[in-house]
Amino acid sequence: MTEALIVVDVQNDFCTGGALAVPGGDEVAAPINAMMERFDAVILTQDWHPQGHSSFASSHPGKNPFESVEMPYGTQVLWPDHCVQGSEGAAFHKDLRTDGDLVLRKGFRSGIDSYSGFFENDQTTPTGLDGYLRSRGISRLTLAGLATDFCVAFTALDAARLGFAVTVELAACRAIDLDGSLPAALAKMKEAGVVIQS
Ligand code: VGL
Ligand code: ZN
(Lines give C-alpha, C1' and ligand atoms only; values in the text may rest on other atoms or scores of the structure.)
(Ligands and ions follow the chains in the order given, each with its own letter.)
Protein backbone atom coordinates (compact mmCIF):
# COMPACT_ATOMS: atom_id res chain seq x y z
CA MET A 1 0.00 0.00 0.00
CA THR A 2 1.39 3.36 -1.02
CA GLU A 3 1.21 6.05 1.62
CA ALA A 4 1.69 9.81 1.34
CA LEU A 5 2.35 12.51 3.88
CA ILE A 6 0.39 15.69 3.22
CA VAL A 7 2.03 18.69 4.87
CA VAL A 8 -0.59 21.41 5.15
CA ASP A 9 0.25 25.12 4.94
CA VAL A 10 3.42 25.34 7.08
CA GLN A 11 3.94 28.92 5.94
CA ASN A 12 5.30 32.03 7.63
CA ASP A 13 1.93 33.76 7.92
CA PHE A 14 0.62 30.89 10.06
CA CYS A 15 3.70 30.94 12.31
CA THR A 16 4.90 33.33 15.03
CA GLY A 17 5.01 36.89 13.73
CA GLY A 18 2.82 36.01 10.72
CA ALA A 19 -0.36 37.74 9.62
CA LEU A 20 -2.58 34.87 10.79
CA ALA A 21 -0.31 33.29 13.40
CA VAL A 22 -1.54 29.96 14.73
CA PRO A 23 -0.46 29.47 18.37
CA GLY A 24 2.57 27.17 18.35
CA GLY A 25 2.67 27.10 14.55
CA ASP A 26 6.48 27.13 14.53
CA GLU A 27 6.59 23.92 16.51
CA VAL A 28 5.31 21.66 13.73
CA ALA A 29 8.26 21.92 11.33
CA ALA A 30 10.62 19.67 13.34
CA PRO A 31 8.19 16.76 13.91
CA ILE A 32 7.01 16.97 10.28
CA ASN A 33 10.59 16.82 8.97
CA ALA A 34 11.17 13.72 11.09
CA MET A 35 8.00 12.07 9.72
CA MET A 36 8.95 12.57 6.05
CA GLU A 37 11.29 9.56 5.93
CA ARG A 38 8.45 7.12 6.57
CA PHE A 39 6.44 7.91 3.42
CA ASP A 40 6.49 6.90 -0.24
CA ALA A 41 5.47 10.42 -1.25
CA VAL A 42 5.50 13.84 0.41
CA ILE A 43 3.10 16.55 -0.76
CA LEU A 44 3.14 20.10 0.59
CA THR A 45 0.14 22.38 0.31
CA GLN A 46 0.62 26.14 0.10
CA ASP A 47 -2.12 28.69 0.76
CA TRP A 48 -1.67 31.07 -2.19
CA HIS A 49 -4.00 34.05 -2.43
CA PRO A 50 -4.02 36.95 -4.90
CA GLN A 51 -4.08 40.43 -3.36
CA GLY A 52 -7.63 41.49 -2.53
CA HIS A 53 -8.77 37.85 -2.11
CA SER A 54 -12.43 37.50 -1.09
CA SER A 55 -11.45 35.65 2.13
CA PHE A 56 -9.69 38.80 3.38
CA ALA A 57 -11.72 41.03 5.73
CA SER A 58 -10.04 44.00 4.02
CA SER A 59 -11.99 43.14 0.86
CA HIS A 60 -15.33 43.61 2.69
CA PRO A 61 -15.88 47.21 3.84
CA GLY A 62 -17.11 47.38 7.44
CA LYS A 63 -16.06 43.80 8.22
CA ASN A 64 -13.36 42.77 10.68
CA PRO A 65 -11.13 39.70 10.64
CA PHE A 66 -12.77 36.61 12.18
CA GLU A 67 -16.29 37.79 11.29
CA SER A 68 -18.20 35.83 8.62
CA VAL A 69 -19.96 36.67 5.38
CA GLU A 70 -22.32 34.74 3.15
CA MET A 71 -20.71 33.91 -0.18
CA PRO A 72 -22.47 32.23 -3.13
CA TYR A 73 -20.92 28.94 -1.94
CA GLY A 74 -21.83 29.30 1.75
CA THR A 75 -20.52 30.95 4.92
CA GLN A 76 -16.97 32.21 4.76
CA VAL A 77 -14.87 33.31 7.75
CA LEU A 78 -12.95 36.50 6.99
CA TRP A 79 -9.24 36.53 7.73
CA PRO A 80 -6.49 39.10 7.99
CA ASP A 81 -4.66 39.45 4.65
CA HIS A 82 -2.36 36.41 4.56
CA CYS A 83 -0.35 34.19 2.21
CA VAL A 84 -0.37 36.68 -0.65
CA GLN A 85 1.21 35.09 -3.72
CA GLY A 86 4.96 35.61 -3.80
CA SER A 87 5.13 37.34 -0.40
CA GLU A 88 7.44 36.31 2.46
CA GLY A 89 4.31 35.40 4.44
CA ALA A 90 3.35 32.85 1.80
CA ALA A 91 6.79 31.19 1.86
CA PHE A 92 7.28 27.93 3.72
CA HIS A 93 8.69 28.23 7.24
CA LYS A 94 12.48 28.25 7.05
CA ASP A 95 12.83 25.14 9.24
CA LEU A 96 10.52 23.01 7.08
CA ARG A 97 12.05 20.51 4.68
CA THR A 98 10.62 21.35 1.27
CA ASP A 99 12.24 18.59 -0.76
CA GLY A 100 8.91 16.83 -1.19
CA ASP A 101 7.42 15.53 -4.45
CA LEU A 102 4.69 18.08 -5.09
CA VAL A 103 3.74 21.57 -3.94
CA LEU A 104 0.00 22.04 -4.34
CA ARG A 105 -1.11 25.66 -4.28
CA LYS A 106 -4.68 26.52 -3.36
CA GLY A 107 -6.91 29.53 -2.81
CA PHE A 108 -5.59 31.24 -5.95
CA ARG A 109 -9.00 32.22 -7.33
CA SER A 110 -10.13 35.66 -6.13
CA GLY A 111 -13.78 34.84 -5.51
CA ILE A 112 -13.44 31.56 -3.62
CA ASP A 113 -11.38 30.24 -0.73
CA SER A 114 -9.87 26.77 -0.57
CA TYR A 115 -9.18 25.30 2.85
CA SER A 116 -8.97 21.76 1.53
CA GLY A 117 -6.19 20.49 -0.67
CA PHE A 118 -8.81 18.59 -2.70
CA PHE A 119 -11.72 20.97 -3.31
CA GLU A 120 -12.30 24.69 -3.11
CA ASN A 121 -14.80 25.90 -0.51
CA ASP A 122 -17.76 25.26 -2.83
CA GLN A 123 -16.83 21.59 -2.18
CA THR A 124 -17.09 20.84 -5.90
CA THR A 125 -14.24 22.60 -7.75
CA PRO A 126 -11.33 20.12 -7.69
CA THR A 127 -7.67 21.10 -7.26
CA GLY A 128 -6.40 18.00 -9.09
CA LEU A 129 -4.84 16.43 -6.00
CA ASP A 130 -7.20 13.44 -6.04
CA GLY A 131 -6.11 12.55 -9.58
CA TYR A 132 -2.44 13.05 -8.75
CA LEU A 133 -2.60 10.71 -5.77
CA ARG A 134 -4.68 8.07 -7.54
CA SER A 135 -2.47 7.99 -10.60
CA ARG A 136 0.49 7.38 -8.29
CA GLY A 137 -1.37 4.51 -6.63
CA ILE A 138 -1.55 6.24 -3.26
CA SER A 139 -4.42 5.09 -1.06
CA ARG A 140 -3.33 6.03 2.46
CA LEU A 141 -2.70 9.56 3.69
CA THR A 142 -1.25 11.02 6.85
CA LEU A 143 -1.84 14.73 7.41
CA ALA A 144 0.06 17.24 9.52
CA GLY A 145 0.43 21.02 9.59
CA LEU A 146 -1.68 24.15 10.01
CA ALA A 147 -4.32 24.72 11.02
CA THR A 148 -5.88 21.59 12.54
CA ASP A 149 -9.40 23.00 12.54
CA PHE A 150 -9.39 24.59 9.08
CA CYS A 151 -7.09 23.44 6.29
CA VAL A 152 -6.03 20.16 7.93
CA ALA A 153 -9.62 19.22 8.85
CA PHE A 154 -11.11 20.19 5.48
CA THR A 155 -8.41 18.23 3.67
CA ALA A 156 -8.91 15.20 5.92
CA LEU A 157 -12.71 15.25 5.49
CA ASP A 158 -12.49 15.48 1.70
CA ALA A 159 -9.86 12.72 1.62
CA ALA A 160 -12.09 10.43 3.68
CA ARG A 161 -15.06 11.23 1.44
CA LEU A 162 -12.93 10.37 -1.61
CA GLY A 163 -12.12 6.96 -0.10
CA PHE A 164 -8.57 7.43 1.18
CA ALA A 165 -7.59 5.94 4.52
CA VAL A 166 -6.71 9.06 6.53
CA THR A 167 -4.72 9.67 9.70
CA VAL A 168 -4.16 13.11 11.27
CA GLU A 169 -0.97 13.31 13.34
CA LEU A 170 -2.10 15.72 16.03
CA ALA A 171 1.35 16.21 17.57
CA ALA A 172 2.46 17.77 14.29
CA CYS A 173 -0.57 20.09 13.95
CA ARG A 174 -1.65 23.31 15.65
CA ALA A 175 -5.12 24.89 15.71
CA ILE A 176 -6.68 28.34 15.43
CA ASP A 177 -9.68 27.31 17.62
CA LEU A 178 -12.12 30.06 16.68
CA ASP A 179 -15.37 29.75 18.72
CA GLY A 180 -14.93 26.05 19.39
CA SER A 181 -13.80 25.19 15.87
CA LEU A 182 -11.17 22.72 17.14
CA PRO A 183 -13.45 20.35 19.09
CA ALA A 184 -16.02 20.61 16.29
CA ALA A 185 -13.43 19.69 13.66
CA LEU A 186 -12.10 16.76 15.72
CA ALA A 187 -15.62 15.39 16.18
CA LYS A 188 -16.40 15.68 12.46
CA MET A 189 -13.16 13.98 11.48
CA LYS A 190 -13.74 11.08 13.90
CA GLU A 191 -17.28 10.68 12.61
CA ALA A 192 -15.91 10.52 9.05
CA GLY A 193 -13.55 7.70 10.03
CA VAL A 194 -10.38 9.78 10.14
CA VAL A 195 -7.89 8.33 12.62
CA ILE A 196 -6.80 11.03 15.06
CA GLN A 197 -3.34 10.11 16.25
CA SER A 198 -2.42 11.98 19.45
C1 VGL B 1 -6.01 28.53 6.71
C2 VGL B 1 -7.47 30.19 7.29
C3 VGL B 1 -7.27 30.81 6.08
C4 VGL B 1 -5.31 27.26 7.10
C5 VGL B 1 -5.80 29.11 5.48
O6 VGL B 1 -4.25 26.95 6.53
O7 VGL B 1 -5.83 26.55 8.00
N8 VGL B 1 -6.85 29.06 7.60
N9 VGL B 1 -6.44 30.28 5.18
ZN1 ZN C 1 -6.02 31.35 3.38
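Okay, let's start at the metal. The zinc ion, ligand 2, takes its protein donors from Asp47 through OD, His49 through NE2 and His82 through NE2, and these lie 2.0 to 2.2 Å from the ion. Keep in mind that this is a predicted model. Along the chain, the donors follow the spacing D-x1-H-x32-H. So what angles do the four donor atoms around the zinc ion subtend? They run from 88 to 169°, which makes the arrangement irregular. As for the donor residues themselves, aspartate 47 and histidine 49 are both buried.

Now have a look at serine 55, in the loop between β2, residues 41–47, and β3, residues 68–71. Is serine 55 buried or exposed? It's buried, because its relative accessible area is 0%, and the cut-off for buried is under 20%. Leaving out residues up to four places away in sequence, serine 55 touches His49, Gln76, Val77, Leu78, Trp79, His82 and Asp113. You'll recognise His49 and His82 there from the zinc site. The serine 55 side chain also makes a polar contact, at 2.9 Å, with the side chain of histidine 53.

Next up is ligand 1. Which residues are around ligand 1? They are Asp9, Phe14, Leu20, Asp47, Trp79, His82, Tyr115, Leu146, Ala147, Phe150 and Cys151. Asp47 and His82 turn up again here, and both of them are zinc donors as well. If you zoom in on the polar atoms, a nitrogen of ligand 1 is 3.1 Å from an N or O atom in the side chain of histidine 82. There are backbone atoms to look at too: an N or O atom of the leucine 146 backbone lies 3.3 Å from an oxygen of ligand 1, and for a backbone N or O atom of cysteine 151 the distance to a ligand oxygen is 3.0 Å.

Stay with leucine 146 for a second. The peptide bond from leucine 146 to alanine 147 is cis, with omega near -15°. Alanine 147 itself lies in the loop between β6 and α3.

Another residue around ligand 1 is phenylalanine 14, which lies in the loop between β1 and α1. With a relative accessible area of 7%, phenylalanine 14 is buried. Not counting residues up to four places away in sequence, phenylalanine 14 touches Asp9, Leu20, Ala21, Val22, Gly25, Asp47, His82, Cys83 and Leu146.

Okay, helix α3. It's mostly covered, with ten of its 14 residues buried. Among the buried ones are Phe150, Cys151, Val152 and Asp158. And what do the buried residues of α3 pack against? The partners are β1, β4 (74–77), β5 (102–106), β6, β7 and α4. Just after the helix, glycine 163 takes a positive phi of about 100°.

Pick out aspartate 158, which sits in α3. This is an aspartate with a relative accessible area of 5%, so it counts as buried. Its side chain joins that of serine 116 in a polar contact of 2.6 Å. Aspartate 158 also touches Phe118 and Phe119, once residues up to four places away in sequence are set aside.

That takes us to the nonpolar cores. The largest one has 56 residues, and those with the most contacts inside it are Val7, Ile32, Leu96, Leu133, Leu141 and Val168. Elements giving two or more residues to this core include β1, α1, β2, α2 and β6. Which element gives the most? That's α3, with six residues. Take valine 168 as one example: beyond its neighbours within four places in sequence, its contacts include Leu143, Val152, Ala156, Met189 and Ile196. There's also a second, separate core of six residues, including Ala57, Met71, Tyr73 and Ile112.

Last stop, a couple of backbone oddities. Phenylalanine 66 has a positive phi, near 80°, and it isn't a glycine. You'll find phenylalanine 66 in the loop between β2 and β3, and at 38% relative accessibility it counts as partly exposed. Aspartate 179 isn't a glycine either, but its phi is positive at about 50°. That aspartate is in the loop between β7 and α4. Buried or exposed? At 79% relative accessibility, aspartate 179 counts as exposed.

Terms used: Residues numbered from 1 in each chain as written. Chains lettered and ligands numbered in written order. Predicted model: local features only at pLDDT ≥ 70, side-chain atom pairs only at ≥ 80, totals over all residues. Heavy atoms only, no water. Helix = DSSP H or I, 4+ residues; strand = E, 2+ residues; numbered from the N terminus. Buried < 20%, exposed > 50% of the residue type's maximum accessible area, 1.4 Å probe, protein only. Polar contact = N/O pair within 3.5 Å; in protein donor to acceptor, adjacent residues only side chain to side chain. Contact = heavy atoms within 4.5 Å. Donors = N, O, S within 2.8 Å, 3.2 Å for Na, K, Ca; no water. Tetrahedral: all angles 85-135°; square planar, octahedral: opposite > 155°, others 65-115°. Core = buried A, V, L, I, M, F, W, Y, C linked by side-chain atoms within 4.5 Å. Near = heavy atom within 4 Å.
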